[in-house]
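Me: I would like a close look at one part of this model. Please start there, then work outward to the parts that help me read it.

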Amino acid sequence: MPWGGAPKCPACEKTVYPMDQAIAADRKAFHLRCIKCQTFGCSNDLTARSLRRYDGYIICDKCHDNIVHNKVYGPPEGQESLEQRRRREEEERLARERAEKSRKERRCIECDKKTFPDDSEELAPGLFFHKVCMKCKECKRAPDDETPLMMAPRETDDVFGPPLLDPYCKFCYAKLFKMSALAIQEIVTI
């Protein structure tokens, strides 16, 4: 401020006359219209440090950060989007329909071809597999005398949904359900 002159408003850099001045928190003189943030809905008081200019408006630091910083839209990282959820639910619905169809028509769960009593086995009620199609879901190991197949639910979290069962060898079953392979051998042998 020159000697004997009026101070300049830090926001608009025009002269502030005593009738039109407001003193901010940092003891600088502002015009009455310049001391508030001009963003719609924001009424933060401005100081010489906290004021920013954007498209001819005088705004506060918080509004400036909201405008300038990159925004990430959609689900947070690690969560599925609405489109992914719909796709997953559609795949689950189709899998249930295929399983129901294979139960009714006595079809192999793996290859979806018709099974006959001499070339297939029923691993669970209504679930038929060709003898060549019977493999562990995880390691693709075929059953033999030492590694029988066991049926386990596909989704352990969905207790109330229809049971979708998959075949597992006793080792993969033990890993999946955190059990001892020796205890499993005592439970079920196919």
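Reply: Tyr57 lies in strand 4. Keep in mind that this is a predicted model. Which residues does Tyr57 touch, leaving aside neighbours within four places in sequence? They are Gln38 and Arg52. Now look at Thr39. Thr39 and Tyr57 are 18 residues apart along the chain. Their C-alpha atoms are separated by 7.9 Å.

Next, the interior. The largest nonpolar core has 16 residues. Ala11, Phe30 and Cys37 have the most contacts inside this core. Strand 2, residues 29-31, and strand 4, residues 57-60, each supply at least two residues of the core. Strand 4 gives the most, with three residues. In soluble globular proteins, nonpolar side chains tend to be buried together.

Another core lies apart from this one. This other core has 15 residues, among them Leu149, Met151, Tyr168 and Tyr173. Tyr173 also leads us to a helix. In helix 3, residues 170-177, the buried residues are Lys170, Cys172, Tyr173 and Ala174. An α-helix has 3.6 residues a turn, so residues three or four places apart point the same way. Step just past the end of helix 3 and you reach Lys178. Lys178 takes a positive phi, of about 55°.

Now the surface. Tyr54, Ile67 and Val68 make a nonpolar patch there, of about 240 Å². Take Ile67 from that patch. Ile67 is found in helix 1, residues 61-68. Is Ile67 buried or exposed? The answer falls between: its relative accessibility is 36%, so Ile67 counts as partly exposed. Buried would need a value under 20%, and exposed a value over 50%.

Compare that with His130. His130 sits in strand 6, which covers residues 127-130. Its relative accessibility is 9%, so His130 counts as buried. What does His130 touch, not counting residues up to four places away in sequence? The list is Cys108, Cys111, Lys113, Lys114, Thr115, Asp119 and Ser120. Pick out Lys114 from that list. The backbone oxygen of Lys114 lies 3.2 Å from a polar atom of the His130 side chain.

Back to the start, then. Tyr57 belongs to strand 4, and strand 4 gives three residues to the largest nonpolar core. Find the strand in the view, then look for Gln38 and Arg52, which are in contact with Tyr57.

Conventions:
Residues numbered from 1 in each chain as written. Predicted model: local features only at pLDDT ≥ 70, side-chain atom pairs only at ≥ 80, totals over all residues. Heavy atoms only, no water. Helix = DSSP H or I, 4+ residues; strand = E, 2+ residues; numbered from the N terminus. Buried < 20%, exposed > 50% of the residue type's maximum accessible area, 1.4 Å probe, protein only. Polar contact = N/O pair within 3.5 Å; in protein donor to acceptor, adjacent residues only side chain to side chain. Contact = heavy atoms within 4.5 Å. Core = buried A, V, L, I, M, F, W, Y, C linked by side-chain atoms within 4.5 Å. Patch = residues over 30% accessible without salt bridge, like charges linked within 9 Å, V, L, I, M, F, W, Y side chains within 5 Å. Areas by Shrake-Rupley, 256 points an atom, 1.4 Å probe, with all protein chains shown as cover. Salt bridge = Lys/Arg side-chain N within 4 Å of Asp/Glu carboxyl O.
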